[in-house]
Structure formats: structure tokens, C-alpha cells
Amino acid sequence: MTEILQWDASLSLGVAEIDEDHRKLIALLNELATHIAEHQAREELIVVLENLLSYTAWHFRHEERLMQTYRFPGYMAHKREHADLVQEATSFQQKFLAGEQDMTMDVVALLKDWVLHHVLQTDRQMAAYLVEHM
Ligand SMILES: [Fe+2]
């Protein structure tokens with residue numbers, strides 16, 4: 001098992017349902033890293049990448065629902081960050097499926113950096129608000 005990112009208390013945002021999602025997201029990222037490290041078949045990588053991206057899309061909608069329900073003022077900017085990542089990741093996925101781009105640890109490292117930055121900064125602001133208003 002290749003752990004490119006480990007969940008720990010520093011990633012906890014104080015909103016249990018969001019923390020749960022983030023744990024699952026990190027587990028899927030580690031699964032992708034493991035498959036790459038073990039040189040798994042391309043068909044396997046396709047499935048693992050699809051799982052990661054569809055879970056990510058579900059999780060973003062989950063956060064967006066919470067932000068809307070509790071009228072978080074930073075909703076639009078946060079949603080745009082989600083949309084930008086989905087667009088970038090989907091375009092990578094299409095190139096990978098077309099055989100135009102390889103799935104490497106560099107790709108996983110980029111995803112990891114994005115998750116860390118997003119969770120520690122953007123999500124932290126949202127969670128601080130939700131803790132007060134939920
Ligand atoms: Fe977010």
C-alpha cells in the first residue's frame with residue numbers, strides 16, 4: 001500500500017460529515033497511488049481513476065449543498081474552485097483514456113497538493129462558518 005497522503009488530526013475541520021468524506025477521498029487517492037506503484041494494468045487504473053473522480057464530484061456537491069443550506073457567503077468562490085478542479089481532472093482523464101497522457105506519480109502528487117491546499121485553506125474557512133451556523 002502506497003500512502004501518498006495520510007489523514008490526521010491536522011486535516012480535521014470539525015464537521016464530522018465533511019471529515020468523513022475527506023478520509024474517503026484520501027483513501028481513494030492512496031488506492032490510485034498504490035495501483036501506479038504496483039504497475040497495475042491500465043484497465044485497473046481506468047477504474048480506480050473513475051472511482052476517485054466520481055467520488056470527488058459527489059463530495060463537492062455535498063459541500064455545496066451544505067454551503068447553500070446554511071447560506072455560506074463564500075459559496076460562489078468555493079464552488080468555482082471545485083469546478084476548476086473537476087474540469088482539469090476530467091480533461092486529464094480524457095487524455096489518459098485517449099492514450100495521450102500517462103498516469104504517473106506526478107499526476108497523483110498534483111492531486112495531493114490540490115487536496116491539501118483546498119482542505120487546509122478553502123474548506124477550513126467553510127467549516128469554520130458551518131460549525132457556527134449548522
Ligand atoms: Fe471544498
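The overall fold and the iron site of a predicted model are described below.

The protein chain contains four helices and zero strands, arranged along the sequence in the pattern α-α-α-α. The C-alpha trace spans about 45 × 30 × 20 Å along its principal axes. For 134 residues, a compact globule would be expected to show a radius of gyration near 14 Å, and the 15 Å computed for the protein chain therefore agrees with that expectation. Of the 134 residues, 41% count as buried. Contacts within the chain often bridge long stretches of sequence: of those between residues at least 6 apart, 75% join residues at least 24 apart.

The iron ion is coordinated by five residues, namely Glu63 through OE, His78, His82 and His118 each through NE2, and Asp123 through OD. The coordination distances are 2.0 to 2.3 Å. In sequence, the spacing of the donor residues is E-x14-H-x3-H-x35-H-x4-D. Within this set, Glu63 and His78 form a pair that links distant parts of the chain, 15 residues apart. Glu63 belongs to helix 2 (residues 42–69), whereas His78 belongs to helix 3 (residues 75–97). Both Glu63 and His78 are buried.

The accessible surface of the protein chain amounts to about 7,600 Å², and carbon and sulfur atoms contribute 52% of this area. The charged side chains comprise 11 positive and 22 negative groups. The centres of the positive and negative sets are separated by 7 Å.

Note on methods. Residues are numbered from 1 along each chain as its sequence is written. This is a predicted model: local features need pLDDT of at least 70, side-chain atom pairs count only at pLDDT 80 or more; totals for chains, interfaces and linings use all residues. Side-chain values use heavy atoms; hydrogens and water are left out. Donors are N, O and S atoms within 2.8 Å of the metal (3.2 Å for Na, K and Ca); water is not among the atoms, so sites may look incomplete. Helices (H or I, at least four residues) and strands (E, at least two) are DSSP runs, numbered from the N terminus. Buried means under 20% relative accessible area, exposed over 50%, partly exposed in between (1.4 Å probe, protein chains only). The radius of gyration is taken over C-alpha atoms; the globule rule is 2.2 Å times the number of residues to the power 0.38. Contact means heavy atoms within 4.5 Å. Accessible areas come from the Shrake-Rupley method with a 1.4 Å probe; for residues, only the protein chains shown count as cover. Lys and Arg count as positive and Asp and Glu as negative; His and the chain ends are not counted. The place of a charge is taken as NZ of Lys, CZ of Arg, CG of Asp or CD of Glu.
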